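Biologist: Before I accept the labels on this model, I want to hear the reasoning behind each one. Please take them in turn.

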Amino acid sequence: KNYINKKLEKEIQIIKNFITCIRNFRGEMNINKVQHLKIYIKKYKNINHNTIKKYKYIIINIENISFMKETTEKEKFIILINNKIEIYISTNNLINTENELNRIKKEIIKYNIKYNQTISKLKNTTFIKKAPENIVNLENNKLKKLNIIIKKLQQKMNLLTNSVINT
């Protein structure tokens with residue numbers, strides 16, 4: 001007997017992607033799961049939108065969100081685009097954009113200083129000649145990690161300034 005239900009599997013994957021998108025957003029913006037999100041989904045006639053609509057009560061319970069029926073001009077949103085679904089997350093009473101941008105800028109400066117110090121160390125021929133190979137490798141790895149951190153911070157800053165992200 002065939003117990004596989006392809007339609008249901010597809011719906012579960014759509015819900016999983018939607019929830020992952022919301023959770024990634026929370027993680028990137030340091031928003032606690034306890035904090036309630038107000039979400040508006042732009043209406044499309046496609047399977048993704050219909051699936052989210054069909055299972056919205058399950059999603060609401062899992063993710064501590066509510067779905068808005070419409071948007072107002074007073075609302076500020078960050079837009080996430082996930083599998084042909086536009087998810088508008090209200091940032092009113094959620095994020096102080098100016099404070100968050102200032103915090104991110106300070107973080108970028110801090111990590112750029114560490115990055116430049118590491119580059120200087122790796123450009124120093126005396127250091128390269130005298131340091132054990134494992135120490136030089138550690139510095140190279142540190143440089144790669146710092147680069148990743150700086151890029152993530154820049155993406156976060158772009159998200160707050162542009163308010164649209166593709167997931």
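Modeller: Accessible areas here come from the Shrake-Rupley method with a 1.4 Å probe. On that basis the chain has an accessible surface of about 11500 Å², and 52% of it belongs to carbon and sulfur atoms. Keep in mind that this is a predicted model.

Biologist: How does the chain compare with a compact globule of 167 residues?

Modeller: Such a globule would have a radius of gyration near 15 Å, whereas the chain has 22 Å. The C-alpha trace spans about 65 × 55 × 25 Å along its principal axes. Of the 167 residues, 35% count as buried.

Biologist: What is the order of helices and strands along the sequence?

Modeller: The pattern reads α-β-α-α-β-β-β-α-α-α-β, which comes to six helices and five strands. Among contacts with a separation of 6 or more, 71% are between residues 24 or more positions apart.

Biologist: Why is lysine 7 called exposed, and why does glutamate 11 count as buried?

Modeller: Exposed requires over 50% relative accessible area and buried requires under 20%. Lysine 7 has 55%, so lysine 7 is exposed. Glutamate 11 has 7%, so glutamate 11 is buried.

Biologist: What makes the contact between lysine 7 and glutamate 11 a salt bridge?

Modeller: The cut-off is a side-chain nitrogen of Lys or Arg within 4 Å of a carboxyl oxygen of Asp or Glu. The closest N and O atoms of this pair are 3.8 Å apart, so the pair qualifies. Both residues lie in helix H1, four residues apart, about one turn of the helix.

Biologist: What makes the link between glutamate 63 and arginine 23 a salt bridge, and which parts does the pair tie together?

Modeller: Their N to O distance is 2.5 Å, against a limit of 4 Å, so this pair also counts. Glutamate 63 lies in helix H3 and arginine 23 in helix H1, so the salt bridge ties together parts that are 40 residues apart in sequence. Glutamate 63 has a relative accessible area of 1% and is buried. Arginine 23, at 44%, is partly exposed, because that value falls between the 20% and 50% limits.

Biologist: How do you know that glutamate 100 and arginine 103 are about one helical turn apart?

Modeller: They are three residues apart in helix H4 (residues 97–123). An α-helix has 3.6 residues a turn, so residues three or four places apart point the same way. Their side chains meet in a salt bridge at 2.8 Å, N to O. Glutamate 100 is buried at 14%, and arginine 103 is partly exposed at 31%.

Biologist: How many salt bridges does the structure hold?

Modeller: It holds seven.

Biologist: How do you know that the buried residues Asn48, His49, Thr51 and Ile52 of helix H2 (residues 47–54) lie on the same side of H2?

Modeller: They cover an arc of only 160° around the axis, which puts them on the same side. Their cover includes helix H1 (6–28), strand S1 (37–41), helix H3 (56–63), strand S2 (65–67) and S4.

Biologist: Why is strand S3 (residues 77–82) described as mostly covered, and what makes S3 and S4 a pair?

Modeller: Five of the six residues in S3 are buried. As for pairing, at least two bridges are needed. S3 and strand S4 (residues 85–90) have six, in the antiparallel sense, so they pair. Isoleucine 78, for instance, has isoleucine 89 in S4 as its bridge partner.

How values were computed
Residues are numbered from 1 along each chain as its sequence is written. This is a predicted model: local features need pLDDT of at least 70, side-chain atom pairs count only at pLDDT 80 or more; totals for chains, interfaces and linings use all residues. Side-chain values use heavy atoms; hydrogens and water are left out. Buried means under 20% relative accessible area, exposed over 50%, partly exposed in between (1.4 Å probe, protein chains only). Helices (H or I, at least four residues) and strands (E, at least two) are DSSP runs, numbered from the N terminus. The arc is that of the directions from the helix axis to the C-beta atoms. Contact means heavy atoms within 4.5 Å. The radius of gyration is taken over C-alpha atoms; the globule rule is 2.2 Å times the number of residues to the power 0.38.
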